[in-house]
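Biologist: I'd like a close look at a single part of this model, towards the end of the chain. Could you walk me through what packs there, and what the backbone gets up to afterwards?

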Amino acid sequence: MLGNRWGEITLTRSRPMLRLLVDQNFDHDILRELIRRVPQIDAVTAFEIGMSEATDPELLTWAAQNGRVIVTFDRRTMPIHAADLMSEGENIAGVFVVLRRLPLHQVIEDLELMITCSENDEWVNVIRYLPF
């Protein structure tokens with residue numbers, strides 16, 4: 001904790017922030033708002049890493065190798081591929097499956113909380129559906 005010039009106490013973050021891979025079907029308006037709210041966010045998109053045409057297993061493998069939780073709207077195939085990899089003894093870095101019908105403000109608030117209040121090792125081999 002640090003005091004500022006007005007004597008107020010502010011908390012400093014002493015642990016790493018959650019690292020994300022945003023898949024190709026996720027709403028980038030949500031990502032832009034998360035970046036606005038959490039400027040130090042560590043997120044990459046599938047497009048940025050040259051994997052915009054990658055399959056779910058390829059994204060899951062890359063995310064695991066690079067310690068990044070996947071954020072996706074794909075509730076149909078991504079969780080199945082993640083479960084298949086885990087059943088084969090492979091680790092996944094974690095998957096956040098966001099339901100499209102959720103209000104944007106709820107998605108943003110839930111993700112902001114998860115990003116700022118947890119670490120990547122907490123999500124290894126976890127498939128989490130939003131909302132909580």
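Modeller: I'll start with the whole chain, then settle on the last helix, its partner and the stretch that follows.

Keep in mind that this is a predicted model. The protein chain has four helices and seven strands, and along the sequence they run β-β-β-α-β-α-β-α-β-α-β. So after three strands at the start, helices and strands take turns, and the chain ends on a strand, going by the pattern β-β-β-α-β-α-β-α-β-α-β and the DSSP runs behind it. Of the 132 residues, 41% count as buried. Among contacts with a separation of 6 or more, 70% join residues 24 or more positions apart. The chain exposes about 7600 Å², with 51% of that supplied by carbon and sulfur atoms.

Now to your part. Helix α4 covers 104-117, and helix α1, residues 28-37, packs against α4 at about 50 degrees with the axes 10 Å apart. That angle makes α1 oblique to α4, and the crossing is right-handed. On the α1 side the contact uses I30, E33, L34 and R37, while α4 brings L104, V107, I108, E109, L111, E112 and I115. Sorted by class, the residues of this contact are seven nonpolar, no polar and four charged.

Which residue of this contact would I click on? L111, in helix α4. At 1% relative accessibility L111 counts as buried, since the cut-off for that is under 20%. Leaving out residues up to four places away in sequence, L111 touches F26, I30, L34, V71, F96 and L130. Two of those, I30 and L34, belong to the α1 side of the helix contact. V71 brings in β5, which spans 69-72, and L130 brings in β7, which spans 127-130. L111 and L34 are 77 residues apart in sequence, yet 7.9 Å apart from C-alpha to C-alpha.

H105, also in α4, makes a nice contrast. H105 has 49% relative accessibility and so counts as partly exposed; the line for exposed is over 50%. The C-alpha of H105 is 9.5 Å from that of E33, a residue 72 places away along the chain. E33 is one of the α1 residues in the helix contact, but H105 is not among the α4 residues listed there.

For comparison, take the other helix pair. Helix α2, residues 56-66, packs with helix α3, residues 78-87, at about 60 degrees with the axes 9 Å apart. So α2 and α3 are oblique to each other too, and their crossing is right-handed as well. Here D56, P57, L59, L60 and T61 of α2 meet M78, H81, A82 and L85 of α3. That contact has six nonpolar, two polar and one charged residues.

Back to the end of the chain, and on into the loop between α4 and β7, where V124 lies. V124 is partly exposed at 38% relative accessible area. Apart from its neighbours within four places in sequence, V124 is in contact with N91, I92 and A93. From V124 to V95 the C-alpha distance is 8.7 Å, over a gap of 29 residues in sequence.

The backbone is worth a look here. Most residues other than glycine have a negative phi, and most peptide bonds are trans. N125, in that same loop between α4 and β7, has a positive phi of about 60 degrees although N125 is not a glycine. With 31% relative accessibility, N125 counts as partly exposed. Past β7 comes P131, and the peptide bond from L130 to P131 is cis, with omega near 10 degrees. L130, remember, is one of the residues that L111 touches.

Terms used:
Residues are numbered from 1 along each chain as its sequence is written. This is a predicted model: local features need pLDDT of at least 70, side-chain atom pairs count only at pLDDT 80 or more; totals for chains, interfaces and linings use all residues. Side-chain values use heavy atoms; hydrogens and water are left out. Helices (H or I, at least four residues) and strands (E, at least two) are DSSP runs, numbered from the N terminus. Buried means under 20% relative accessible area, exposed over 50%, partly exposed in between (1.4 Å probe, protein chains only). Contact means heavy atoms within 4.5 Å. Accessible areas come from the Shrake-Rupley method with a 1.4 Å probe; for residues, only the protein chains shown count as cover. Axes are lines fitted to C-alpha atoms, for helices over the stretch in contact, and angles run from 0 to 180 degrees between N-to-C directions. Angles under 35 degrees count as roughly parallel, over 145 as roughly antiparallel, 65 to 115 as roughly perpendicular and the rest as oblique. A crossing is left-handed if the near helix is turned anticlockwise from the far one by less than a right angle, and right-handed if clockwise. Ala, Val, Leu, Ile, Met, Phe, Trp, Tyr, Cys and Pro count as nonpolar, Asp, Glu, Lys and Arg as charged, and the others, Gly among them, as polar.
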